[in-house]
Structure formats: C-alpha cells, structure tokens
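Reader: Got a minute to walk me through this one? I'd like to go from the cysteines out to the whole fold.

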Amino acid sequence: MEAAALLPGCGLCLLAGLSDGKVGWGDGLCTLILGLLAGAGPCIFAASAGLLLLSLLCVFLLALRKADRNSRMPFLPFLAAGYILYLLFD
C-alpha cells in the first residue's frame, strides 16, 4: 500500500520529464512528499481534487478569454486546496 502513495507523484514526475517543461518538476516532487507523509488515500484525493479545481478554473478562464491553451497554471496551490478539502471532510 505504501507504493500506491507514490503513484500520483511518480506520474507527475514522469509527465514533467516527457512534457518538455509543461508540467513542473516541483509539482511532482511535492506530490511525492505528500504521498510519503500523508499516505495513499489523502494523496490521491488531493491530487484528484486539485486537478478538478484547476480544470474548473481553466474552463472559466477560457470562457472569459483570459487564457488560451498555451497559458501556464501552477498546480501546487490546487494540490494544497485538495489536501485542505481532504482534511475538512475526513
């Protein structure tokens, strides 16, 4: 079960290596650390909730034409928000 806690972080680190900088290494490393410290359930929940929140913001910004498909958005604040949601509802 400990290996499952590292899957979201390993996935983001793999994407960082394959995407030529479109996904940041810091996001993957912070997700790895969250998985090590909090465990699999909180890490997967925080990563999923963070991705959902980020995608909702991106759709909103695209609809307002404040961003385009090449805009950069940091993931770490949304990962933190996802973890806070986990702490609130656990």
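Author: Let's start with a definition: a disulfide is a pair of cysteine sulfur atoms within 2.5 Å. This is a predicted model, where local features need pLDDT of at least 70 and side-chain atom pairs count only at pLDDT 80 or more, while totals for chains, interfaces and linings use all residues. Residues are numbered from 1 along each chain as its sequence is written, and side-chain values use heavy atoms, with hydrogens and water left out.

Reader: How far is the sulfur of Cys 10 from the closest cysteine sulfur, and in which residue is that sulfur?

Author: The cutoff for a disulfide is 2.5 Å. The two sulfurs are too far apart for a bond, so Cys 10 isn't paired with this neighbor: the gap is 6.5 Å, and the closest sulfur sits in Cys 13.

Reader: And what is the closest cysteine sulfur to that of Cys 30?

Author: The separation here is 9.6 Å, again too far for a bond. The structure holds 0 disulfides. The closest sulfur to that of Cys 30 belongs to Cys 13.

Reader: What is the relative accessible area of Cys 10?

Author: Buried means under 20% relative accessible area, exposed over 50%, and partly exposed in between (1.4 Å probe, protein chains only). Cys 30 counts as partly exposed at 31%. Cys 10 is partly exposed too, and its value is 41%.

Reader: Where does Gly 24 lie?

Author: Gly 24 is partly exposed, at 27% relative accessibility. Its C-alpha is separated by 8.5 Å from that of Phe 75, 51 residues apart along the chain. As for the elements, helices are DSSP runs of H or I with at least four residues, strands are E runs of at least two, and both are numbered from the N terminus. Gly 24 lies in the loop between helix 1 (7–18) and helix 2 (25–38).

Reader: In what order do the elements run from the N terminus on?

Author: The protein has 4 helices and 0 strands. From the N terminus, that gives α-α-α-α.

Reader: What share of contacts between residues at least 6 apart in sequence join residues at least 24 apart?

Author: Contact here means heavy atoms within 4.5 Å. Among the contacts at least 6 apart in sequence, the share joining residues at least 24 apart is 58%.

Reader: What percentage of the residues count as buried?

Author: The C-alpha trace spans about 40 × 30 × 15 Å along its principal axes. Of the 90 residues, the buried share is 30%.
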